[in-house]
Amino acid sequence: MPAITLTTLQSLKQKGEKITMLTCYDATFAHACNEAGVEVLLVGDSLGMVLQGHDSTLPVTTAEMAYHTACVKRGNSDALILADLPFMANATLEQTMNNSAMLMQAGAHMVKVEGQLWLAESIRLLAERGVPVCAHMGLTPQAVNILGGYKVQGRNENQARQMRADAISLEQAGASMLLLECVPSELAAEISQAVKIPVIGIGAGSDTDGQVLVLHDMLGLSITGRVPKFVKNFMQGQDSIQSALKAYVNEVKGVTFPGIEHGFSA
């Protein structure tokens with residue numbers, strides 16, 4: 001497939017074709033995801049849990065994120081690479097600029113930041129300097145200690161109203177993409193319709209513009225034994241990892257994944 005760009009993703013949203021995204025942390029899986037037709041590779045700070053064995057994403061450093069971004073870049077030919085700014089990497093505007101530059105120079109095409117409306121100024125500054133930004137809203141794992149655990153966000157009307165307003169404001173500030181995690185399906189659908197930029201969901205129902213899963217989760221690999229409600233094991237019924245990756249792409253594109261059972265209600 002031709003190289004995926006922001007223009008490609010915007011076009012997919014306008015056509016109503018679902019966008020496929022998976023986390024990826026190395027060159028081998030980058031190549032495999034390319035072969036399966038995955039459009040966006042997320043170098044997620046989830047690597048702190050699935051690769052490093054931590055109990056949260058908080059210990060991951062920007063240097064580690066840059067290392068894995070560079071690994072993914074070497075194995076990638078077609079997909080857009082999205083890299084996470086890890087915990088406290090965007091605590092100040094100066095840190096945000098410097099750490100985003102590090103990830104872009106390592107091979108990212110876009111950076112992802114977790115938060116709400118307070119991200120607006122840093123998003124605006126990054127966009128002005130040529131750094132596309134994905135704003136991660138809803139359940140933001142870096143804030144797990146404030147949120148009191150990994151809980152669905154936006155279930156009451158005040159939260160939902162604020163999340164809709166923040167999404168629109170972050171688009172206006174210059175965000176190129178939104179990622180909604182563990183948000184009621186109806187709210188995620190409303191936000192997807194309210195903004196012109198692509199909205200990717202994880203535990204946010206099937207009416208977002210695309211889907212993302214953690215690679216190890218969708219391959220049925222877990223060191224904790226806890227499988228989130230929104231995860232499907234795509235290795236079941238397949239005879240290879242490559243077949244599982246292709247099955248994921250096909251089910252997202254065909255809107256058979258996620259099912260109702262993978263989403264949350266208000």
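In the predicted model, Pro59 makes contact with His54 and Glu64 once its neighbours within four places in sequence are left aside. The residue is found in the loop that lies between helix 3 (47-50) and helix 4 (62-75). Its relative accessible area is 38%, and because this value falls between the 20% and 50% limits, Pro59 is classed as partly exposed. Pro59 and Phe87 are separated by 28 residues in sequence, whereas their C-alpha atoms are 7.6 Å apart in space.

A contrasting environment is found for Ala188, which lies in helix 9 and is buried, with a relative accessible area of 0%. Apart from neighbours within four places in sequence, Ala188 is in contact with Leu180, Val183, Ala204 and Thr208. The C-alpha atoms of Ala188 and Asp207 are separated by 7.1 Å, although the two residues stand 19 positions apart along the chain.

With regard to the overall fold, the secondary structure of the chain comes to 11 helices and 8 strands. The radius of gyration is 17 Å, close to the 18 Å given by the globule rule for 266 residues, so the chain is as compact as a globular protein of that length. Along its principal axes, the C-alpha trace spans about 45 × 40 × 40 Å. Of the 266 residues in the chain, 56% are buried, and among contacts between residues at least 6 apart in sequence, 63% join residues that are at least 24 apart.

The 8 strands close into a barrel in the order 1-2-3-4-5-6-7-8, with parallel pairing, and the twist from one strand to the next averages 25°. Helix 8 (residues 157-173) packs on the sheet, where it touches strand 5 (133-138) and strand 6, and its direction makes about 175° with that of strand 5.

Within this barrel, strand 6 (residues 177-181) pairs with strand 7 in the parallel sense over 4 bridges, and Leu178 has Val199 of strand 7 as its bridge partner. Between these two strands the chain passes through helix 9 (residues 185-194), forming a β-α-β crossover that is right-handed. Strand 7 is also joined to strand 8 (residues 210-213), to which it runs parallel, by 2 bridges. Here the bridge partner of Ile200 is Gly210 in strand 8, while Gly201 stands opposite Gln211 of that strand. Strand 7 (residues 199-202) is covered on both faces, since Val199 and Gly201 on one side, and Ile200 and Ile202 on the other, are all under the 20% relative accessible area that defines a buried residue.

The largest nonpolar core contains 86 residues, of which Met21, Leu22, Leu178, Leu213, Met218 and Tyr248 touch the most other members. Helix 11 (residues 241-253) gives the most to this core, contributing 6 residues. When residues up to four places away in sequence are not counted, Leu178 touches Cys134, Ala135, Met137, Ala167, Ile191, Val195, Ile197, Pro198, Val199 and Ile200. Leu178 thus appears both among the core residues that touch the most other members and as the bridge partner of Val199 in strand 7.

Conventions. Residues are numbered from 1 along each chain as its sequence is written. This is a predicted model: local features need pLDDT of at least 70, side-chain atom pairs count only at pLDDT 80 or more; totals for chains, interfaces and linings use all residues. Side-chain values use heavy atoms; hydrogens and water are left out. Buried means under 20% relative accessible area, exposed over 50%, partly exposed in between (1.4 Å probe, protein chains only). Two strands pair if DSSP finds at least two bridges between them. A crossover is right-handed if, with the strands pointing away from the viewer, the path from the first strand over the helix to the second runs clockwise. A nonpolar core is a set of buried Ala, Val, Leu, Ile, Met, Phe, Trp, Tyr and Cys residues joined through side-chain atoms within 4.5 Å. Contact means heavy atoms within 4.5 Å. Axes are lines fitted to C-alpha atoms, for helices over the stretch in contact, and angles run from 0 to 180 degrees between N-to-C directions. The radius of gyration is taken over C-alpha atoms; the globule rule is 2.2 Å times the number of residues to the power 0.38.
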